Each structure stands twice: as C-alpha cells, then as structure tokens.
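I opened this notebook to record what I looked up in the structure. The entries follow the order of my reading.

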4 protein chains.
Amino acid sequence: MIWNSPTYPWPHGKTSAACFSVDVDATSPYLWQHRDGLPKGLAVLEHRKYGMREGLARMVAMLERVGIKGSFFVPGVVAEENPDLLPGLMERGHEIALHGYYHEIVAETSDQRFTDALEASIDLFVSQTGQKPVGFRSPAWEMTPHMLAELARLELWDSSLMGSDTPYTIANVTEVPVRWDNDDAIFFKFLGAGDKSPRPDRELFAQWQGDVGAQQRSGGLFMLTVHDWISGRAARVEMLEELFAPLVNDPTVWVTTCGALAAHHETVQIRLDVTPDTITPINSRDPSYG
Amino acid sequence: MIWNSPTYPWPHGKTSAACFSVDVDATSPYLWQHRDGLPKGLAVLEHRKYGMREGLARMVAMLERVGIKGSFFVPGVVAEENPDLLPGLMERGHEIALHGYYHEIVAETSDQRFTDALEASIDLFVSQTGQKPVGFRSPAWEMTPHMLAELARLELWDSSLMGSDTPYTIANVTEVPVRWDNDDAIFFKFLGAGDKSPRPDRELFAQWQGDVGAQQRSGGLFMLTVHDWISGRAARVEMLEELFAPLVNDPTVWVTTCGALAAHHETVQIRLDVTPDTITPINSRDPSYG
Amino acid sequence: MIWNSPTYPWPHGKTSAACFSVDVDATSPYLWQHRDGLPKGLAVLEHRKYGMREGLARMVAMLERVGIKGSFFVPGVVAEENPDLLPGLMERGHEIALHGYYHEIVAETSDQRFTDALEASIDLFVSQTGQKPVGFRSPAWEMTPHMLAELARLELWDSSLMGSDTPYTIANVTEVPVRWDNDDAIFFKFLGAGDKSPRPDRELFAQWQGDVGAQQRSGGLFMLTVHDWISGRAARVEMLEELFAPLVNDPTVWVTTCGALAAHHETVQIRLDVTPDTITPINSRDPSYG
Amino acid sequence: MIWNSPTYPWPHGKTSAACFSVDVDATSPYLWQHRDGLPKGLAVLEHRKYGMREGLARMVAMLERVGIKGSFFVPGVVAEENPDLLPGLMERGHEIALHGYYHEIVAETSDQRFTDALEASIDLFVSQTGQKPVGFRSPAWEMTPHMLAELARLELWDSSLMGSDTPYTIANVTEVPVRWDNDDAIFFKFLGAGDKSPRPDRELFAQWQGDVGAQQRSGGLFMLTVHDWISGRAARVEMLEELFAPLVNDPTVWVTTCGALAAHHETVQIRLDVTPDTITPINSRDPSYG
C-alpha cells in the first residue's frame with residue numbers, strides 16, 4: 001500500500017502526457033485463431049482488410065494534419081504481407097514497434113515460441129527498415145516473467161500493463177502503461193452474432209475526453225490505443241481528431257510516442273519499480289483450502 | 001497497404017452516396033434455426049410476423065413520403081409465403097434482390113446447397129415478377145469463394161462484405177459494401193432472455209447521423225440495413241425518416257439503390273479490385289506452430 | 001403481407017392507448033428455477049423480496065397519485081404467500097390477472113401441467129377475492145397452441161405476444177400485445193456476475209417516452225410492463241410517474257387496463273384475426289436439407 | 001406484502017442517509033479464483049495492483065478533501081500483504097470492516113471454512129489495529145443462514161443484502177443494505193475479452209445522482225460501493241467527488257459510515273425484522289413437478 005506516491009516528473013515543463021498508439025492487427029488475430037486451417041468464409045477477412053485498404057492511411061493523414069507522431073505496433077506477419085507499411089510509417093516520422101509475429105496469444109504460446117517470434121519480428125523489422133525496434137506491446141496485453149526477461153535481454157521497453165497511470169519499471173523493463181478503458185476494440189469491435197454491440201462514437205469521445213482532462217489535472221498519461229480496421233472509419237477518425245487536436249495546442253501536455261516516454265522514464269530518479277511476486281497459491285498456504 | 005486510395009467517382013456531380021436497404025427476413029431465420037422441427041412456442045414467430053403485418057408497410061409508406069427507393073433483400077421462403085410482397089414492392093418502384101431461399105447460414109450450408117437455393121430463389125422471383133433479379137445479399141453477411149464464383153456466373157452483384165466504404169470488385173463480382181455498425185439488428189434485436197438488451201432508438205439516430213455526416217465529408221457510401229420486424233415499429237420508422245429526409249434534399253448526396261450503385265460501379269475506371277487470397281494457415285507455414 | 005392495415009378504432013374518441021402493467025413475480029421465478037431444491041444462498045431471495053416489502057406499495061401509491069388503474073399479473077404462489085396482495089389491489093381498483101402458479105417456464109412445462117397450474121391459479125384467485133379472473137399473461141411471455149386452446153375454453157384474454165401494436169385475435173383468444181422493448185426486466189434486472197449491467201433509468205425514460213409519442217402519432221397501444229422488485233425502487237417509480245402523468249391529462253390517449261382493452265377489442269368489427277400456422281419444417285419440405 | 005411501511009427514523013433531524021463504502025479487494029478475488037495454482041500471466045495482477053499503488057490513496061485523499069468518513073471492507077489477505085493499510089485508514093478516521101480472508105465465494109465455501117476465515121480475519125484485524133472489527137460484508141454479496149448465525153454470535157453487523165432501502169434486521173443481525181445498481185464493478189470492471197465493455201463515467205454519475213435525489217425524497221439510504229483498483233482512476237475519483245460533495249453540505253442528509261448506520265438501527269423501535277424462510281421446494285410441495 002502506497003499512501004503517498006510522488007508526482008511523476010514530465011520533461012520540458014509539461015505537467016501531463018498523452019500518446020496516440022495503434023495496434024496494427026489487420027488480419028493477424030484471425031490467422032492466429034485459425035492457425036490450423038482457415039474456414040471458407042471471407043466476411044471477417046474482408047472486414048479486417050479495411051484497415052490496410054483505407055483505415056490506416058486515413059488515420060495517419062489525420063495525425064499529420066494535427067501534428068502528432070503516433071506509435072504503431074505491428075505484428076511480423078502484417079509487416080511481411082504489407083512491405084510498404086513499416087517504411088511508410090517511418091518516412092512519415094511515426095514510431096514503429098513490435099507486437100508478436102502472428103499476434104500470438106500468450107496463454108496459447110510456449111516460452112520458446114515467444115522468444116522465437118520476438119526474434120523473427122526483430123529480424124523482419126531490421127530487414128524492412130534497417131533499424132532494430134526498441135519497443136514491444138504484447139498481443140491482447142498479457143505478460144509473463146519469461147517475456148519480461150526476454151524484453152530486458154533484448155533491451156526493449158514494454159507497453160502492455162495497467163499497474164500505474166504513468167511509466168514504471170517492472171523486472172528491469174520500462175513499462176509505458178495502457179488501459180482497457182482507453183482501447184477502441186472493447187467498445188467498437190463487432191465481428192458477428194454474439195459479439196457485444198458497438199457503442200456510439202460520441203459516447204467514447206465524451207468518455208475519453210473526460211479521461212484526458214482528468215489525466216491533465218492529476219499529472220498522468222493519457223494512452224489511447226486504436227486499431228487500423230476498427231477506428232479507421234471516417235466518423236471515428238474525425239472523433240479522434242477532435243479528441244487530440246486540443247492537446248497539441250496545450251502547452252502543459254506532452255503529446256509524444258511510447259518510445260519517447262520510455263526513454264524519458266529511464267532518466268527519472270524516483271519512480272515506481274516493481275518485481276512480479278512469486279505468489280503462493282492459497283491451497284499451498286493452507287492445504288485445507290483444496 | 002494502400003497509402004493513397006483514389007477518391008471514388010460518384011455520378012451526377014454527387015460527392016457521396018446513401019442507400020436504405022431492408023433485409024426482409026420475417027420468420028425465415030427461425031425456420032432455418034429449427035429446420036429439423038419447430039418447437040411448440042409461438043412467441044418468436046408472432047414477434048417476427050409483426051413485419052409482414054405492420055412493419056414493412058409502415059417502412060415503405062415512409063420511403064414513399066420521403067421520396068426514396070429502397071433495396072429489399074427477400075429470402076425465397078418469405079416471397080413464397082407472402083405472394084404479394086415482391087409485386088407490391090416493385091409496383092412502388094423499389095428494388096428487390098436475393099437473400100437465400102431459407103436464409104441459409106453459410107457455415108451450415110454446402111456449396112451445392114447454396115447454388116440450389118440461389119437458383120430456386122431466382123426461379124421464384126421470375127415466376128412472381130417476370131424479371132430475373134440482378135443482386136444478392138448473403139444471409140448473416142458471410143461469403144465464400146464458391147459463392148462469389150456463382151454470383152459471377154449468374155451475373156449478380158453482391159452486398160454482403162465490409163472491405164471498403166465504397167463499391168469495389170472482388171473476384172469479378174461488384175460489391176456494394178455493408179457495415180455491422182449500420183445494421184439495426186445488432187442493436188435492437190431481442191428475442192428472449194440472454195439476448196443483449198436493445199439500445200435506445202435515439203442513440204442509434206445520433207450514431208447513424210454522425211456516420212451520415214462523416215461519409216458526406218469523406219466521399220463514402222452510407223449503407224443502412226434494417227429489418228421488417230425490428231425497425232418497422234412506429235418510433236423507429238419516425239427515427240429513420242428523420243435520418244434520411246435531409247439526405248434527399250442534399251444536392252451532394254446520391255440517395256439510391258444497391259442496384260444503381262452496382263451499375264454505376266461497373267463504369268468506374270480506377271477502382272479497388274481484389275482477389276480473395278488463398279491463405280496458408282500458420283501451421284502450414286511453420287509446423288512447429290501446431 | 002398486409003399492405004394496408006386498418007386504423008384501430010379506439011373508443012371514447014381516443015386515438016391511441018396506454019397501459020401500465022405489472023408482472024408481480026416476487027420470488028416465484030427463483031422458486032421455479034430451483035424447484036428440485038433451493039441453494040443455501042439468501043442474496044437473490046432478499047433482493048426479490050424488496051418488491052413485497054417496499055416496491056409494490058410504492059408503485060401502487062404512485063398510480064393512485066396519478067390516477068391510473070394498473071393491470072397486475074400475479075403467479076399463484078405469490079398470492080398464496082401474500083394473502084393481502086390480491087384483495088389489496090382490488091380494493092384500490094386495480095385489475096388482477098393470472099401469471100402461472102409457480103411462474104412455470106413454458107418450455108419446461110407439459111400441456112397437462114399448464115392446465116393444472118391455470119386451474120389452480122383460478123381457484124386460488126376465487127378463494128381470495130370471490131371473483132374469477134378473466135385475463136392471463138404467460139411467464140416469460142411464451143405461448144403454445146395448447147395454451148391458446150385452454151385460454152379459449154376458460155374464456156380468458158391473453159397478454160403475452162408481440163404480433164401487433166394493437167389488440168388482435170389469435171385462435172379465438174383476444175391478445176393484448178406486449179413488447180420486450182417496453183419491459184423493465186431486460187434493461188434493469190441484475191442478479192449477479194454474468195448478468196448484463198443495468199441501463200440508466202433516464203435512458204429508459206427517454207426511450208419509453210419516445211415510444212409513447214410514436215404510439216400516439218400512429219394510433220397504437222403503449223404497453224409498459226414492470227416488476228415489483230425491479231422498478232419499485234424510488235428513482236424508478238419517480239421516472240414511471242413522469243412517464244405516465246402526462247398521458248392521464250391527454251384527452252387523446254385511452255389510459256386503461258388490459259381487461260378494458262380486451263373487452264373493447266371484442267366489440268371491434270374489423271380486426272386482425274390470425275391462426276397460428278402449422279409450419280412444415282424445412283427438412284420435411286425437402287429432406288436434402290437434413 | 002407490506003402495504004404501509006413506516007418512515008425510517010434517521011437521527012439528528014436528518015431525513016435521508018448516504019454512505020461511501022469501498023470493497024478493498026485488490027488481488028484477492030484473483031487469488032481465490034486461482035487458489036489451486038496461479039497462471040503465468042501478470043496482466044490481471046498488475047491491473048488489480050493499481051489500487052494499492054495509486055487508486056486507494058487517491059480515493060482517500062478525496063474523502064478527506066470532501067470531509068467524509070468512508071467504510072472500507074478489507075479481505076484478510078489484503079491486510080496481511082499491505083500491513084499499513086488498516087492502520088492508515090484508521091489514522092485517517094475511516095471505518096474498517098471484514099470482507100472474508102481470501103475473498104471466499106460463498107457457493108464454493110463450506111460453513112466451517114466461512115467460520116475459520118471470519119475468525120482468522122478478526123484475529124488479523126486485532127493484531128494490526130488493536131481493535132476487534134464490528135462489521136462484515138460478504139465477498140460478492142452472498143449470505144447463508146449459517147453465516148447470519150455466525151455474525152450474530154460474533155456480534156457483527158452485516159452489509160451484503162438488498163431487501164430494503166434502509167437498515168433492517170435479519171435473523172438478529174443488523175443489515176445495512178447494498179444494491180448492485182450502486183456498485184462500480186458491474187459497470188466498470190473489465191479484465192479481458194469476453195467481459196462487458198465498461199460504461200461511461202458520466203453515465204454512472206447521472207444514474208447515481210438520480211438515485212441520490214430519489215433517496216433524499218423518499219427517505220432512504222444511498223449506499224455506494226466502489227473498489228480500490230476500479231474507481232481509483234483519476235476521472236472516476238473526480239466523478240465520485242462531484243457526487244458526494246453536495247451531500248456533505250446538505251443538512252437533510254446523514255452522510256455516515258455503515259457502522260454508524262448499524263449502531264443507530266439498533267436503537268430504532270419500529271423496524272423491518274425478518275427471518276429467512278425455510279422454503280419448501282416446489283417438487284416437495286407437489287412431487288408431480290419433478
């Protein structure tokens with residue numbers, strides 16, 4: 001229990017921060033889900049392909065118009081199938097970072113597989129851009145001690161966890177935190193009967209605008225995460241522009257990338273630094289709970 | 001990855017488009033669901049029969065009042081059981097198109113069955129109206145390579161996929177795209193305990209109005225899909241009238257049918273033309289992912 | 001397909017109707033669900049008992065204040081366990097009607113059981129009030145041909161189906177229609193983890209107010225259904241008062257009971273009169289659909 | 001059936017009451033869910049740890065700013081792992097009370113286990129604070145006759161049930177009632193795919209503000225329940241402050257703790273006093289219902 005947490009020291013005289021991040025999943029979660037063989041239906045694939053056809057370019061054009069550099073997390077297979085994606089993002093000054101090779105869901109992936117996918121992704125990024133990526137976000141935002149050790153070994157920051165409103169350090173890895181509440185997919189994603197119905201665009205605008213203000217007043221980080229094929233639709237890009245445009249003109253807010261947040265965090269002296277507990281299950285504490 | 005997609009060329013000096021489409025499902029999905037034998041309960045059947053008794057006529061009267069020609073997708077069995085439905089729609093100048101015979105769900109239907117149902121539907125339409133239909137929408141909006149091949153063979157356009165905001169071509173079939181976000185069923189349909197609770201009419205009005213505006217500003221197509229027994233209720237028809245009436249009076253918007261959109265698309269020179277990929281499953285790319 | 005349905009002829013120069021109905025379920029659905037033995041937990045029972053302790057009396061006081069006679073559908077077991085419930089409602093001028101004995105779910109109940117429960121309920125009503133009830137609403141709003149035959153035999157009207165916006169006749173039974181959209185339970189009911197989260201009171205106020213207006217303009221019936229333990233909470237009774245108070249003062253709206261609606265319907269000459277179809281399942285039409 | 005329930009007599013000339021309660025669950029429900037062994041993923045744990053790192057302190061600072069004493073229900077294991085939690089709350093004048101040892105879910109816990117966990121929690125509270133706690137709230141708000149008997153034996157009040165809008169007595173235990181409708185978790189909690197999407201902060205503000213007013217007008221208790229890791233986020237604490245600040249300045253509202261409500265209730269003469277029924281299951285009433 002922390003009764004008095006220190007104010008997080010933002011650089012450049014700023015008193016809060018905001019980041020526009022994109023998980024460029026495209027069709028990769030569908031490939032992962034059907035990794036043993038694809039069904040004959042095309043509907044989900046066509047739906048997801050909207051991002052590479054129209055959505056992502058519209059989103060990037062908006063960021064350029066507003067003057068924001070975004071952070072784009074790209075699974076290896078998406079970069080492989082869209083060879084002008086990573087170079088195009090870099091040319092426009094955006095950050096690119098890792099997001100698994102086949103959007104591997106952690107609970108369905110061995111430690112060795114994670115390491116192999118991470119290294120294959122890095123190799124692909126290097127071959128397409130000439131640069132080694134320095135950041136990672138986990139598909140579906142899960143994390144394990146093994147993954148943290150590998151991120152530390154490869155000197156990658158992470159952006160997958162929710163344990164604070166500002167960057168922190170976990171097992172020697174710099175963590176740039178995310179939040180489900182500020183993710184478009186859990187509100188808008190709809191792929192067929194049984195899914196939750198999408199929430200109105202303006203409802204999320206109001207909710208996120210409220211969080212933007214609260215983070216400004218409390219000195220936190222507003223981290224938004226959107227997806228190419230979900231929020232690339234015209235009305236949503238307009239909504240996101242309306243959300244972020246005022247921040248660029250606010251001298252108190254540091255609108256920046258995950259990488260810049262991570263780099264800054266490594267210079268911060270007094271910071272939250274945690275180690276994942278080795279937790280004893282209840283039944284091992286007291287066998288009578290069996 | 002498409003970094004610069006061309007502006008879609010609407011005809012008649014228009015800069016965007018809108019279409020009012022109706023999936024006239026009536027009781028057909030219930031018949032399909034219980035194709036081996038019907039349960040004794042009458043509640044769902046009575047609920048669904050509202051459309052043929054009151055809902056569809058109210059909706060059509062509204063379209064006439066506003067001055068819109070709608071696109072009505074009618075399963076064969078619904079036309080068979082309501083023999084004055086197709087003629088009545090045609091007399092009023094609306095478009096009729098195919099929607100399966102028994103609202104066959106694609107994942108539960110063989111290729112041969114699809115072809116048989118399609119041909120039986122066409123025969124029924126011809127016998128009831130004297131005209132061969134030229135368009136198709138898949139029940140529940142699924143599509144397969146076989147279905148596309150059959151649509152091409154029979155020279156039918158399709159309106160079932162979500163890969164763009166404007167018409168496109170897929171495997172030589174003209175696609176007039178739909179969107180779950182602009183479908184009434186996923187927000188309003190409620191058939192009993194366990195279903196999602198219906199969302200407020202005005203919430204959808206605001207959401208759809210927002211999308212109408214965004215499509216106008218971005219040069220896209222606003223495709224609405226409603227159902228006879230869901231949106232035929234009085235308050236919803238009023239809401240739909242309020243949504244579409246301004247579009248008819250807007251000289252920049254082409255308010256038209258799916259068929260007119262498809263016919264125009266076939267004249268467009270620079271257009272999105274895609275082929276469904278034959279995708280190698282992950283495990284076939286790398287057996288260690290087994 | 002009905003292209004021109006006649007305007008429904010309301011009496012007394014009225015042009016639309018409204019009805020406040022209450023399904024007084026109390027603990028009965030829980031007893032039914034656990035009819036083989038009750039779990040040890042008390043939470044759901046205490047939650048449901050709120051209606052008999054506070055909710056129903058608050059609702060009835062509101063109806064008296066506004067000047068409305070409500071229609072109360074009471075399962076036999078609820079009347080049995082609360083012997084001053086039916087007499088108290090009658091003293092205050094409200095209508096009481098049948099709702100199963102143990103809130104029997106139709107799909108889990110044999111034809112004979114339905115008949116037995118119906119007759120036992122009638123006997124109990126007679127013994128508690130001296131009068132034979134004349135109306136019925138099915139638990140969870142299901143209906144079968146057998147049930148309709150029994151309602152006809154016992155000269156009971158029904159209020160369980162959704163096939164029209166105004167009273168109709170089905171298999172010689174007068175039907176006073178309901179709608180899921182105007183039921184409180186599907187929006188507000190929450191009994192524990194896994195249930196849908198309750199929707200805001202004011203969201204339903206706006207939605208129902210919208211439907212009230214649409215029914216007025218289209219000449220339909222606004223049938224509201226609430227439950228003792230769900231909408232008896234203070235804020236919801238205030239909301240319901242705000243919804244209905246204006247109707248009482250509107251000379252065009254017939255605010256009345258289900259029984260009065262049914263009695264009027266029996267005098268209507270041109271009316272919707274339907275027979276439940278004997279539907280041939282698809283597989284019996286064409287065995288290849290097996 | 002109670003036709004006329006007496007007005008509840010609040011003390012100090014107040015005409016209604018309000019209470020800010022916190023279920024300080026932290027990681028305990030996750031430990032319980034995985035009591036046989038923890039999965040390798042860290043995401044849920046990090047998400048839940050937000051409360052002990054930032055959320056609870058922010059919430060407590062708000063209560064101090066507004067001038068409210070809150071009621072904090074703390075599982076034994078959370079107190080054990082955060083030894084400055086209970087003392088820190090007491091120093092600031094807040095109430096602490098029991099909430100299981102490992103957040104034991106009642107349906108998964110034997111009577112003996114409940115007693116053992118209750119006594120171990122009391123011992124821990126005494127060892128950390130020097131005082132025996134006097135109140136209890138059940139994890140997930142379930143209750144059994146055995147639990148009530150144990151609470152009576154140990155002279156603990158309870159705050160877990162929903163049978164009234166004001167304190168009542170059940171099996172000789174004072175009950176300070178809760179409501180799902182006024183619990184943050186069922187609206188905001190999101191731990192991964194499949195969960196309901198979070199509702200907007202301002203939607204709950206409006207809903208709860210509506211209930212605050214209705215309880216004031218009807219003389220009831222507004223009991224709010226929030227969680228450390230859910231509502232400790234900056235925007236939600238602001239929202240809660242906006243909700244409660246006006247109450248503190250309202251001379252008609254008794255803003256107080258569960259303990260003070262319980263102590264007052266024990267002095268009330270005319271009060272709701274119920275005994276959990278021994279309910280005969282339907283099948284034992286009539287074996288033909290088997």
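Entry 1. Which residues does D:His34 touch, not counting residues up to four places away in sequence? I looked at a predicted model throughout. I found that D:His34 touches A:Pro281 and D:Pro39. I placed D:His34 in the loop between helix 1 (28-33) and helix 2 of chain D. Its relative accessible area is 19%, and D:His34 therefore counts as buried, the cut-off being under 20%.

Entry 2. I turned to the contact of chain A with chain D. I noted 46 residues from chain A and 53 residues from chain D in this contact. The buried area is about 4,200 Å², and carbon and sulfur atoms give 54% of that area. In chain A, I recorded A:Met1, A:Trp3 and A:Tyr289 as the residues that lose the most area to chain D, together 20% of what that side buries.

I then looked up the polar and charged pairs of this interface. The count between chain A and chain D is 25 residue pairs in polar contact, both at pLDDT 80 or more. I found six salt bridges across the interface of chain A and chain D. A:Asp165 and D:Arg58 form a salt bridge, with the closest N and O atoms 3.5 Å apart. On the side of chain A that touches chain D, the elements that give two or more residues are helix 6, strand 6 (168-170), helix 7 (185-188), helix 8 (201-218) and helix 12 (282-285) of chain A. Helix 8 of chain A gives the largest share of that side, seven residues. By class, I listed 23 nonpolar, 10 polar and 13 charged residues there.

Entry 3. I examined another salt bridge, that of D:Lys40 with A:Asp111, in which the closest N and O atoms are 3.9 Å apart. Why does this pair join two chains? D:Lys40 lies in the loop between helix 1 and helix 2 of chain D, and A:Asp111 lies in helix 5 of chain A, so the pair joins two chains. I noted D:Lys40 as partly exposed at 37% relative accessibility, and A:Asp111 as partly exposed at 36%.

Entry 4. I moved to the contact of chain A with chain B. Here 53 residues of chain A are in contact with 46 residues of chain B. I noted a buried area of about 4,200 Å², of which carbon and sulfur atoms give 54%. A:Lys40, A:Leu42 and A:Arg53 lose the most area to chain B within chain A, together 16% of what that side buries.

I counted six salt bridges between chain A and chain B. One of them pairs the side chains of B:Asp165 and A:Arg58, at 3.5 Å from N to O. I also recorded 24 residue pairs in polar contact across this interface, both at pLDDT 80 or more. Helix 2 of chain A provides the largest share of the side of chain A that touches chain B, 13 residues. That side divides into 23 nonpolar, nine polar and 21 charged residues.

Entry 5. I followed the salt bridges around A:Arg179. A:Asp211 forms a salt bridge with A:Arg179, the closest N and O atoms being 3.3 Å apart. The pair links distant parts of the chain, 32 residues apart, with A:Asp211 in helix 8 and A:Arg179 in the loop between strand 7 (173-175) and helix 7 of chain A. I found A:Asp211 buried at a relative accessible area of 3%, and A:Arg179 buried at 7%. A network of salt bridges links A:Arg179, A:Asp181, A:Asp211, D:Asp201 and D:Arg236. Over all chains, I recorded a count of 72 salt bridges.

Entry 6. I looked up the largest nonpolar core, which has 97 residues. D:Phe20 and D:Trp208 have the most contacts inside this core. Helix 2 (residues 43-66) of chain D gives the most to the core, with 10 residues. Among the residues that D:Trp208 touches, I noted D:Phe187, D:Phe188, D:Phe222 and D:Met239.

Entry 7. I closed with backbone angles. A:Glu155, a residue other than glycine, has a positive phi near 55 degrees. I placed A:Glu155 in the loop between helix 6 (145-153) and strand 5 (157-158) of chain A, and found A:Glu155 exposed at 68% relative accessible area.

Terms used: Residues numbered from 1 in each chain as written. Chains lettered and ligands numbered in written order. Predicted model: local features only at pLDDT ≥ 70, side-chain atom pairs only at ≥ 80, totals over all residues. Heavy atoms only, no water. Core = buried A, V, L, I, M, F, W, Y, C linked by side-chain atoms within 4.5 Å. Buried < 20%, exposed > 50% of the residue type's maximum accessible area, 1.4 Å probe, protein only. Helix = DSSP H or I, 4+ residues; strand = E, 2+ residues; numbered from the N terminus. Contact = heavy atoms within 4.5 Å. Buried area = accessible area lost by both parts, 1.4 Å probe. Salt bridge = Lys/Arg side-chain N within 4 Å of Asp/Glu carboxyl O. Polar contact = N/O pair within 3.5 Å; in protein donor to acceptor, adjacent residues only side chain to side chain. Nonpolar A, V, L, I, M, F, W, Y, C, P; charged D, E, K, R; others polar.
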